[in-house]
Amino acid sequence: MNVILLGPPGVGKGTLASIAQERLGLVQISTGGMLRRHLRLGDELGIIAKAYIDDGELVPDSVIIDMVKERLREEDTQGGYILDGFPRTLYQAEELAKFADIDLIIDLELEHEAIIRRLSGRRACLSCNGTFHMSMLQDETTCPTCGHRLEQRKDDLPETIAHRLEVYEEQTAPLIELYRKKGNLVVVEVDGTVEENYQKMLKVIEENQ
Ligand code: ADP
Ligand code: ZN
């Protein structure tokens, strides 16, 4: 089964996709995570992407689409995957439809204030790509998964958060209508604990299998 997770930044796409990978074997494809890996490596793609990401802008469609297209050619995705952070523009969605068969789109929804709270308290591990809320950490500087140092992403600073939410409303939110019209979109309200939210999402996945 191939799933898209839609929804604004900070809604928990990455966290829920990583649990789905662990428990359901759906391969998590996180474009944000892939881009941050390139940033770390300092390769050509990383150099191109850095300025956009730090400013809370979207990385150009052509770059992202090629990256995802290549990833979906890899063997491990054949048993099903969960896209987290892609597509984010109408053009990306149109292109995706040419090279992938998507069974289900899950639109994660959460009120604005809660999103801002989550993003501004978020700490990220640049080594394993995990993200954690400060309030959940015993030690705010160390990744509980891999022991690497945790950082606040530049794009999680308050000014940039506001801009990312605007970019989301302008460029990504229109995808909700597009997929709703196609008929395979389900909305999940993610206002509970991580486990509660996961169970809601799991139910939707099971009902649509
Ligand atoms: P979040 O969902 O919290 O915004 P991500 O890790 O998904 O965080 O994305 C971080 C940044 O990576 C985005 O702000 C954007 O610059 C870039 N990015 C990720 N996915 C895409 C995409 N599909 N198209 C364009 N840019 C992207
Ligand atoms: Zn880590």
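Is Cys143 buried or exposed? Cys143 counts as buried, because its relative accessibility is 3% and the cut-off for buried is under 20%. Keep in mind that what you're looking at is a predicted model.

**The zinc site**

Cys143 has company. Together with Cys125, Cys128 and Cys146, it coordinates the zinc ion (ligand 2). In each case the SG atom does the job, at 2.3 to 2.4 Å. If you want to find these residues in the sequence, look for the spacing C-x2-C-x14-C-x2-C. Around the zinc ion (ligand 2), the four donor atoms subtend angles of 102 to 121°, so the arrangement is tetrahedral. For a bit of background, the ideal angle for four tetrahedral donors is 109.5 degrees. Cys146 isn't tucked away like Cys143: Cys146 is partly exposed, with a relative accessible area of 37%.

**A sheet of three strands**

Now follow Cys125 into strand β5, which covers residues 122–125. Strand β5 is covered on both faces. Arg122 and Ala124 are buried on one side, while Arg123 and Cys125 are buried on the other.

Strand β5 belongs to an open sheet of three strands, in the order β6-β5-β7, with antiparallel pairing. That leaves β6 and β7 as the edge strands, each pairing on one side only.

On the β6 side (residues 131–133), the antiparallel pairing with β5 runs over three bridges. Here Arg123 has Phe132 as its bridge partner. The hairpin of β5 and β6 has five residues between the strands, and Asn129 there takes a positive phi near 75°. On the β7 side (residues 150–151), β5 pairs over two bridges, again in the antiparallel sense. Opposite Cys125 in β7 you'll find Leu150. So much for the sheet; Cys125 itself is a zinc donor as well as a buried residue of β5.

**Around ligand 1**

The other end of β5 leads to the next stop. Ligand 1 is surrounded by 20 residues, and the closest are Thr31, Arg36, Glu57, Gln92 and Arg164. Helix α2 (residues 31–41) gives the most to this shell, with four residues. Three side chains have a polar atom set against an oxygen atom of ligand 1, and one of them is Arg122 from β5:

| Side chain | Distance to an oxygen atom of ligand 1 |
|---|---|
| Lys13 | 3.3 Å |
| Arg122 | 3.0 Å |
| Arg153 | 3.2 Å |

How much of ligand 1 does the protein bury? Taken alone, ligand 1 exposes 540 Å², and the protein buries 96% of that.

**Two more buried residues**

Two helices are worth a quick look as well. Ala49 sits in helix α3 (residues 44–54). With a relative accessible area of 0%, Ala49 is buried. Val63 is 14 residues away from Ala49 along the chain, and the C-alpha atoms of the two are separated by 8.6 Å.

Asn197 is in helix α9 (residues 194–207). Asn197 is buried too, with a relative accessible area of 4%. Where does the side chain of Asn197 reach? The side chain goes to the backbone oxygen of Val190, at 3.4 Å.

Conventions
Residues numbered from 1 in each chain as written. Chains lettered and ligands numbered in written order. Predicted model: local features only at pLDDT ≥ 70, side-chain atom pairs only at ≥ 80, totals over all residues. Heavy atoms only, no water. Donors = N, O, S within 2.8 Å, 3.2 Å for Na, K, Ca; no water. Tetrahedral: all angles 85-135°; square planar, octahedral: opposite > 155°, others 65-115°. Buried < 20%, exposed > 50% of the residue type's maximum accessible area, 1.4 Å probe, protein only. Pairing = 2+ DSSP bridges. Near = heavy atom within 4 Å. Polar contact = N/O pair within 3.5 Å; in protein donor to acceptor, adjacent residues only side chain to side chain. Areas by Shrake-Rupley, 256 points an atom, 1.4 Å probe, with all protein chains shown as cover.
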